[in-house]
Amino acid sequence: MRNDLSAVLIGACLLGAIWTAVLAALDRRVSNRLLIELAVTEVLVLVQLVVAIVEVIGGDRPDSTLTFLAYAVGEVVILPVGVLWSQAEKSRSSTLVITIAGLAVAVMTARMLQMWSSVGG
Amino acid sequence: MADETVYPDGVAPDPRTSGPGRLLVAVYALFALAAGSRAAVQLGTKFDEAPTAYLLSALAATVYLVATVALARPGPRWRRIAVLTCSFELLGVLAVGTVSLFDRGAFPDATVWSVYGRGYGFIPLVLPMIGLYWLRRTPPPR
């Protein structure tokens, strides 16, 4: 797995999480600029999934390949579902749904990096 | 906070399933996904190693899923199901957490409930408490 790609992804997730936390604290609603940031983050998630699949097919496999791939696939749904759930009822606390989704993807990516470190270089 | 909320249809929904209740649903959904995937991997690849632990894993995942739906749906029936599933989870994490402390061999592979959910930042322990507190704070309408 590309460490630099995953590091940028984690950064993007944390940016989105902090951004939405601040919006909730100020009692402001989700802006278009934030949605663009989240869309870019989702693209990074998809790129990471493709990279992970290519590398596993290519023979580089962490100890728990299935769990590793489950994380990569699971991450894909979290941000879109979180944004939809958050925007179906626009309230202060539902903005925090995106904060949680961002933190979840960040933690899952960190776990994937950890699993990937078992691959002998 | 509530007065700022915008409802598209102009009708205030069941307070239990709106506002912070939706945040709760999101976290429960996340754990249904986490526990469900973990159980699927365990049951699919190494069921023979520890059938009891893995079936318990699957049960935990199912209860998370039912709790997620019950917390998201308005009405007294779903509320009752939410109380039942949150209580079950609290008992489950306390029981499995305690057993896993004293008898490591009983749960050789981590489940969401092992050591009170330490592998998941103890959220599995805290979450049902928050859930039950939320259900207490939003009693059914009379």
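## Helices, core and loop in a two-chain model

B:Tyr116 lies in the loop between H3 and H4 of chain B. This is a predicted model, and the report begins with that loop before turning to the helices. Phi of B:Tyr116 is near 55°, which is a positive value although the residue is not a glycine. Most residues other than glycine have a negative phi. B:Val115 is placed in the loop between H3 and H4 of chain B as well, and its phi is also positive, at about 45°, without the residue being a glycine.

How buried or exposed is B:Tyr116? A residue needs 20 or more other C-beta atoms within 10 Å to be buried and 12 or fewer to be exposed; B:Tyr116 has 18 such neighbours inside 10 Å, and therefore counts as partly exposed. B:Val115 is partly exposed too, because 18 other C-beta atoms lie within 10 Å of its own.

Two helices of chain A can be set side by side, with the span expected at 1.5 Å a residue.

| Helix | Residues | Span between end C-alpha atoms | Expected span |
|---|---|---|---|
| H2(A) | 26 residues | 38 Å | 38 Å |
| H3(A) | 24 residues | 36 Å | 34 Å |

For H3(A), the distance of 36 Å between the end C-alpha atoms agrees with the expected 34 Å. Its buried residues include A:Phe68, A:Tyr71, A:Glu75, A:Ile78 and A:Val83, and the buried residues of H3(A) pack against H2 and H4 of chain A together with H1 of chain B. In H2(A), the buried residues include A:Leu38, A:Thr41, A:Glu42 and A:Gln48, and the buried residues of this helix pack against H1, H3 and H4 of chain A. After H2(A) comes A:Gly59, whose phi is positive, near 110°.

The largest nonpolar core has 58 residues, and those that touch the most other members are A:Val105, B:Val27, B:Tyr28, B:Leu30, B:Phe31 and B:Ala35. Two or more residues of this core come from each of the helices H1, H2, H3 and H4 of chain A and H1, H2, H3 and H4 of chain B. Which helix gives the most to this core? H1(B) does, with 14 residues. Leaving aside residues up to four places away in sequence, B:Ala35 touches B:Ser57, B:Ala60, B:Ala61, B:Tyr64 and B:Val112.

Finally, there is the contact between the chains, where 16 residues of chain B are in contact with 17 residues of chain A. The side of chain B that touches chain A consists of nine nonpolar, five polar and two charged residues.

Key. Residues are numbered from 1 along each chain as its sequence is written. Chains are lettered from A and ligands numbered from 1 in the order in which they are written. This is a predicted model: local features need pLDDT of at least 70, side-chain atom pairs count only at pLDDT 80 or more; totals for chains, interfaces and linings use all residues. A nonpolar core is a set of buried Ala, Val, Leu, Ile, Met, Phe, Trp, Tyr and Cys residues joined through C-beta atoms within 7 Å. Helices (H or I, at least four residues) and strands (E, at least two) are DSSP runs, numbered from the N terminus. Two residues are in contact if their C-beta atoms, placed from the backbone, lie within 7 Å. Ala, Val, Leu, Ile, Met, Phe, Trp, Tyr, Cys and Pro count as nonpolar, Asp, Glu, Lys and Arg as charged, and the others, Gly among them, as polar. The expected span of a helix is 1.5 Å times one less than its number of residues.
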